[in-house]
Amino acid sequence: MIKRDLNLRGLQARVAFVVLAISLLFAVGSTLTQMYINYQRTLAATTQLVESRSHNSARVISHALWVVDLELVRRSVKGLSMLPTICRVEVKGFDGTHITEVNSSSEDCDANHQSLLSVQGNNIGTLNIVLDRSAIKRDAFTGTVPVALVHFTETLLITLLILWVIHRLCSRPLQQLSNTLDYYQTDKTNQTSVPLSLIQRNDEIGKVSRSINAMQSRIRDDFLQKRVTERELRQHQTLLKEQVEQRTKALNWQSNASSLLADISIQFLRADSQYITEDVEKIFPDMVSLLGVEAIGWYAFDAFRAERRCYWPQEIDFAPQTVDLSDMHMIKRWLADTDALVVPHVGQLGDDATNERSWLRQRHILSFAAFPLTDGRKSFGMITVANRRLPFIWDNNKTLLLKRFATAISEVMIRERNHYAMEELQEELIVANEKLKVQAETDDLTRLSNRRPFKRELKNHIQHGIASRLPVAVMMIDVDHFKAYNDEYGHLKGDDVLTRIARVLLTQTERYQGSVARFGGEEFAITLSTRYAAKLTQLAETIRAEIAKLDIEHKKNPDGDRITVSIGGIITLPTRETTDSYLLEMADQRLYQAKEEGRDQTRILDQTAEK
């Protein structure tokens, strides 16, 4: 129920107070206005009366003063002072006569009326009449009281009439609306809300009534919609609860399946194919419990026969030791496709699987599923599950679990089958890699090492030199004017020269446990072991002399007519900042120094001697 407290009595009282206040204000204003008008009229009439009486009395008083009849003057003055609106009358003669008659002692005597007394054109005195304004006001107020009573009576009647009209036109309809709102209940959809008489009105009350009626209709509609929504929410809640339970059950199943698969993977990673059958038999009970099937088995293929490897439970008699697949064409196609085969009910098998259906029914098998053991190209076995009493309750999760289980067994079998082939292949690869490494690090022409193994050997010498505090030696050899030799004698002759020089370098370096490499073109490099590094200068001179002994003709040599070489090198104690690039750069600088100074000579920087 919706209840609202509409204080209509207070509203009516406030309206009555406002109307009464405004009416009284107008009544008071009208009364004051009428009093002012009456006052002005009375003042004007009194003034006119006094002027008329004073004019008449002035002739009598003037004559009495002229004949010196003071008694007559006093009576005339007294007669004038008897008027109710006259406060005082005063006669002053120019001869010193002074007669005053006081009628009132009011303080509001401030309106004077003075006239001149004269006889035969002679001024003999003055007549001064003082008016009583309070008396005039009383007369004006006395005349206004009936008018004020009429105005106040009219005001009261008009106020009552307005209040009745307000009650009739506003208060009563508003009270009806209030009662309607007080007893309105949103849960009663067939409840009559606002009275029809109020809705049909063409005034503001009618507009408000129609608005309230529309609002109540919306409230009822919203309430009905709320009920519908609540009902739908309850339905959704029930459905969601069921879905949560199903999802929780599925997640628990998947968790158990994942845990089992993880254990299987770990077990199979460590397994030996010699004991794989025993390992699989240990896993079968858990698989049967998780899948909700009666039996599970492992078969290996031999031509068109399936040989049983293991089965669980072992006492079940519908799992033959050997299954002939030669007439089972659907099984053959399935093996060719290497995909999962699930038959929830034997009756669902088509006409192309009559042999399979007959074989299964002979053994009273109601549901059957098979998952291939495959290497990706062909199947070499299968995992089977079967039911006799009830059809399968199957889903994709169970299919995925058995596929992964079959894959795990397949990997063990493939791993064992490929083990020996992999060992042989690895041996072949090792030999091939060694050959490739030798080829990659050997110069095809001179059969010397190339730059990469030479730098590796130089780094080893540096590390050994740092550790043993022994010097390191590097030498660079370059054939003088070799380009001119190739231009003159041809590249084949040039290759022969490089080969002969390489043999000299190898022969002379062997005694010092050194390494020789061809750095490119006609340039060679030598590094000696730390034990013989100090012999680098001696070796350089020997090499230069031995190459000179070759006595190879070179007509285009501007420094002679024979093949010669220039040699540069460095001997130094290495530190942790010493690099192979630094040593090669220093040896190369000494080589260019030898060339610039005339070629066919050696320039060795021995930093150990300097220290």
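Student: What does the accessible surface of the protein come to, and what share belongs to carbon and sulfur atoms?
Tutor: This is a predicted model. Its accessible surface comes to about 35700 Å². The share belonging to carbon and sulfur atoms is 52%.

Student: How many of the residues are buried, as a percentage?
Tutor: The protein has 611 residues. Buried means under 20% relative accessible area. By that cut-off, the buried share is 40%.

Student: How many helices and strands make up the secondary structure?
Tutor: Both kinds of element are present in the protein. The count is 16 helices and 15 strands.

Student: What percentage of the contacts with a separation of 6 or more is accounted for by residues 24 or more positions apart?
Tutor: Take the contacts in the protein with a separation of 6 or more. Residues 24 or more positions apart account for a share of 63%.

Student: Where is C310, and is it buried or exposed?
Tutor: C310 is found in strand 6, residues 305-312. Its relative accessible area is 2%. The cut-off for buried is under 20%, so C310 is buried.

Student: Which residues does C310 touch, leaving out those up to four places away in sequence?
Tutor: One of them is G297, 13 residues away in sequence. The C-alpha atoms of C310 and G297 are 5.8 Å apart. The full list for C310 is T277, V280, E281, F284, G297 and W298.

Student: How far does helix 11 reach from its first C-alpha to its last?
Tutor: Helix 11 covers residues 451-468, which is 18 residues. At 1.5 Å a residue, 26 Å is expected. The span in the model is close to that, at 25 Å.

Student: What covers the buried residues of helix 11?
Tutor: The buried residues of helix 11 are P453, F454, L458, H461, I462 and G465. Their cover includes strand 11, strand 12, strand 13 and helix 15.

Student: Which residue caps the N-terminal end of helix 11?
Tutor: Look for a side-chain oxygen by the backbone nitrogen of R452. The two atoms lie 3.3 Å apart. The capping residue is N450.

Student: Which residue takes a positive phi just after helix 11?
Tutor: The phi angle there is about 60°. The residue is R469.

Student: How many salt bridges does the protein have?
Tutor: Side chains of opposite charge can pair when their charged atoms come close. The cut-off here is an N to O distance within 4 Å. The count comes to 17.

Student: How many residues apart are D480 and K595?
Tutor: Their side chains meet in a salt bridge, 3.5 Å from N to O. D480 sits in the loop between strand 11 and helix 12, while K595 is in helix 15. D480 is buried at 0% relative accessible area, and K595 counts as buried at 15%. Along the chain, the pair is separated by 115 residues.

Student: Why does the salt bridge of R599 and D480 tie together separate parts of the sequence?
Tutor: The N to O distance of this salt bridge is 4.0 Å. R599 lies in the loop between helix 15 and strand 15, and D480 in the loop between strand 11 and helix 12, so the parts they tie together are 119 residues apart in sequence.

Student: What is the closest N and O distance in the salt bridge of D551 with R562?
Tutor: Both residues lie in the loop between helix 14 and strand 14, 11 residues apart. D551 is partly exposed at 46%, and R562 counts as partly exposed at 30%. The closest N and O atoms are 2.3 Å apart.

Student: Which residues do salt bridges that share partners join into one network?
Tutor: D480 pairs with K595. R599 also meets D480. The network is D478, D480, K595 and R599.

Key. Residues are numbered from 1 along each chain as its sequence is written. This is a predicted model: local features need pLDDT of at least 70, side-chain atom pairs count only at pLDDT 80 or more; totals for chains, interfaces and linings use all residues. Side-chain values use heavy atoms; hydrogens and water are left out. Helices (H or I, at least four residues) and strands (E, at least two) are DSSP runs, numbered from the N terminus. Buried means under 20% relative accessible area, exposed over 50%, partly exposed in between (1.4 Å probe, protein chains only). Contact means heavy atoms within 4.5 Å. Accessible areas come from the Shrake-Rupley method with a 1.4 Å probe; for residues, only the protein chains shown count as cover. The expected span of a helix is 1.5 Å times one less than its number of residues. A polar contact is a pair of N or O atoms within 3.5 Å; within protein, one must be able to donate a hydrogen and the other to accept it, and residues adjacent in sequence count only if both atoms are side-chain atoms.
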